[in-house]
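The report below walks through selected features of one structure, beginning with its covalent cross-link and moving on to its sheet and its interior.

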Amino acid sequence: MKEMRGVTLLELMIVIAILAILVTIAYPSYQHYVLQSRRSDAEGDLLKLQLSQESYRIKHNTFASSLSDLGGVSNSYYNFAISNVTASTYTFTATATGSQTSDTGCTSLTLDHNDNKTPASCWNN
């Protein structure tokens, strides 16, 4: 007859300790990539707004002064605004909200009529 052997408490504790070490190493890296991914989504939304703004100008011979004129934008981690609207200028701003505010140095992204992107270090080129 073959003897059945189970997992000992010591073996189980070793596995749990190894998993805990792996999680403490991997989790901060995962968080960084999540923040970066959400920022990339906001950058894409800003670029879509820019295209909509240029299309609006072609049709109306002026820039739109509100986001609703451009179709708006829906993003759970950033609030969008338009400012500095004149006959020849505009500036879009995406401001981080909620957990995205921990994206240090990149909580406010801007894009203007000359395609100036600030802060430059935050934009994925």
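## Disulfide

In this predicted model, a search of the whole structure finds 1 disulfide. The bond is formed by Cys106 and Cys122, whose sulfur atoms lie 1.9 Å apart. Because the torsion about the S-S bond of Cys106 and Cys122 is about -85°, the disulfide is left-handed. Cys106 belongs to the loop between strand E2 (91–96) and strand E3 (108–112), whereas Cys122 sits in the segment after strand E4 (117–118), so the pair ties together parts that are 16 residues apart in sequence.

Both Cys106 and Cys122 are buried.

## Sheet

An open sheet is formed by 4 strands in the order E1-E2-E3-E4, with antiparallel pairing. The edges are occupied by strand E1 (78–83) and by E4, each of which has a single partner strand, so one side of each is left without a neighbour in the sheet. In general, the strands of a sheet pair through backbone hydrogen bonds, in either a parallel or an antiparallel arrangement.

The pairing of E1 with E2 is antiparallel and runs over 6 bridges. Within this part of the sheet, Asn79 stands opposite Thr95 in E2.

## Nonpolar core

The largest nonpolar core holds 20 residues, of which Leu46, Tyr78, Phe80, Phe92 and Leu109 touch the most other members. H1, E1, E2 and E3 each supply at least two residues of this core, and the largest share, 4 residues, comes from H1. In soluble globular proteins, nonpolar side chains tend to be buried together.

Leu109 illustrates how such a core member is surrounded: not counting residues up to four places away in sequence, the contacts of Leu109 are Arg39, Ala42, Glu43, Leu46, Tyr78, Phe92, Thr93, Ala94, Thr118, Pro119, Cys122 and Trp123. This list includes Leu46, Tyr78 and Phe92, which are themselves among the core residues that touch the most other members. The list also includes Cys122, one of the two partners in the disulfide.

## A buried glutamine in the helix

Is Gln53, a residue of helix H1 (residues 9–60), buried or exposed? Gln53 has a relative accessible area of 0%, and a residue counts as buried when this value is under 20%, so Gln53 is buried.

When residues up to four places away in sequence are not counted, Gln53 touches Phe63, Ala64, Leu70, Ile82, Tyr90 and Phe92. Among these contacts is Phe92, which also appears among the residues that Leu109 touches.

Methods: Residues are numbered from 1 along each chain as its sequence is written. This is a predicted model: local features need pLDDT of at least 70, side-chain atom pairs count only at pLDDT 80 or more; totals for chains, interfaces and linings use all residues. Side-chain values use heavy atoms; hydrogens and water are left out. A disulfide is a pair of cysteine sulfur atoms within 2.5 Å. Buried means under 20% relative accessible area, exposed over 50%, partly exposed in between (1.4 Å probe, protein chains only). Two strands pair if DSSP finds at least two bridges between them. Contact means heavy atoms within 4.5 Å. A nonpolar core is a set of buried Ala, Val, Leu, Ile, Met, Phe, Trp, Tyr and Cys residues joined through side-chain atoms within 4.5 Å.
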